[in-house]
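Dear colleague,

Please find below the structure for your consideration, together with its sequence. My notes on what was found in it follow directly after.

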Amino acid sequence: MNNELIFLKPVFKNMIWGGSKLKTDFGYDVEGDNIGECWAISAHPNGDCTVESGKYAGMKLSELWASHRELFGDAEGDRFPLLIKIIDAKADLSIQVHPDNEYAAVHENGSLGKTECWYVLDCEENTSIVIGHNAKNKQELADMIHEKRWKELIREVPLKKGDFFQIEPGCLHAIKGGTVILETQQSSDITYRVYDYDRLQNGKPRELHIDKSIDVIKAPFTPPAYSQVTEQKNGYISKKLIECKYYTVEKIDVKEKALIKADKKFMNVSVISGSGTANGAPIKKGSHFIVPFGTETLEICGNAELIVSYI
Ligand code: ZN
């Protein structure tokens, strides 16, 4: 029986739109006032997390995936499939879109495409988020982009804490300033930037990818349909946020003591509020760990909210 949880040390990314909440709200030991992303559970070459403690301390998650597949229930695949991030957007992120696996395989050197989803951890009042667009068809989409008719093109929806969004490949999207989210996504770093508010980074505009964007954006936009189920379980409330081809994501609220059945190949767990212990190890807001195969039960003591994902 292997029930030692695998705690990971995040990788941080400076971004022109980033802020300082990863330090001030989450307590991460990171300097700077434009820290945009915390790659919390990741084996992606652009941000490969290190195991923090225990038997595998010091190993990269990619190495663990390559050499100890038994910890992941012998899951198949040449790379760890998911990437969990916390994003602190002090300013607006670029208006962007991701390709699907098929497009990325051909145009991006065998990379995975990206399906992603967002759980809104916090946002300022009157914040909105960009999901989809208003073009009737591909031609109108291309015209609006080439003519820079951003106001007409972009579909914005109001935002509040606790909202959840599934972003399929081909869906135009952007997080706006004043938003903190937890993102669960396929392990991919392929983003096509459509519009970046004419901002400069080190004196130069960041690269745009207009042709590839028009290739992959689906028109017209249709919001994805899915249902969310809430269940009272053994000491906790579980809300299934999404179940799709690439991942299932649940939000779990623990009051005092929860016995969570760990019957998946492995589970990614992020603590988004509260504190306590997980199978005896201390946890707090901002802790991230993997529950390896064979754990059977994840015992959480304390009051905490978790975002859990698995394949
Ligand atoms: Zn995205």
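The zinc ion is coordinated by three residues, namely H98 through NE2, E116 through OE and H173 through NE2, at 2.1 to 2.2 Å. Please bear in mind that this is a predicted model. Along the chain, the donors of the zinc ion follow the spacing H-x17-E-x56-H. E116 belongs to strand 9 (residues 116-123) and H173 to strand 13 (residues 173-175), so this pair ties together parts that lie 57 residues apart in sequence.

Both of these donors are buried: E116 has a relative accessible area of 2%, and H173 has a relative accessibility of 1%. The cut-off applied for "buried" is under 20% relative accessible area.

A second region concerns strands 16, 17 and 18.

Strand 16 (residues 229-232) runs antiparallel to strand 17 (residues 236-243), and 4 bridges join the two. Their hairpin has 3 residues between the strands, and G235 adopts a positive phi near 85° there. Strand 17 also runs antiparallel to strand 18 (residues 248-262), to which 7 bridges join it. This second hairpin has 4 residues between its strands.

Which residues stand opposite K240 of strand 17? On the side of strand 16, the residue is V229; in strand 18, the bridge partner of K240 is E250. K240 thus offers a convenient reference point when viewing the three strands.

Yours sincerely

Methods:
Residues are numbered from 1 along each chain as its sequence is written. This is a predicted model: local features need pLDDT of at least 70, side-chain atom pairs count only at pLDDT 80 or more; totals for chains, interfaces and linings use all residues. Side-chain values use heavy atoms; hydrogens and water are left out. Donors are N, O and S atoms within 2.8 Å of the metal (3.2 Å for Na, K and Ca); water is not among the atoms, so sites may look incomplete. Buried means under 20% relative accessible area, exposed over 50%, partly exposed in between (1.4 Å probe, protein chains only). Two strands pair if DSSP finds at least two bridges between them.
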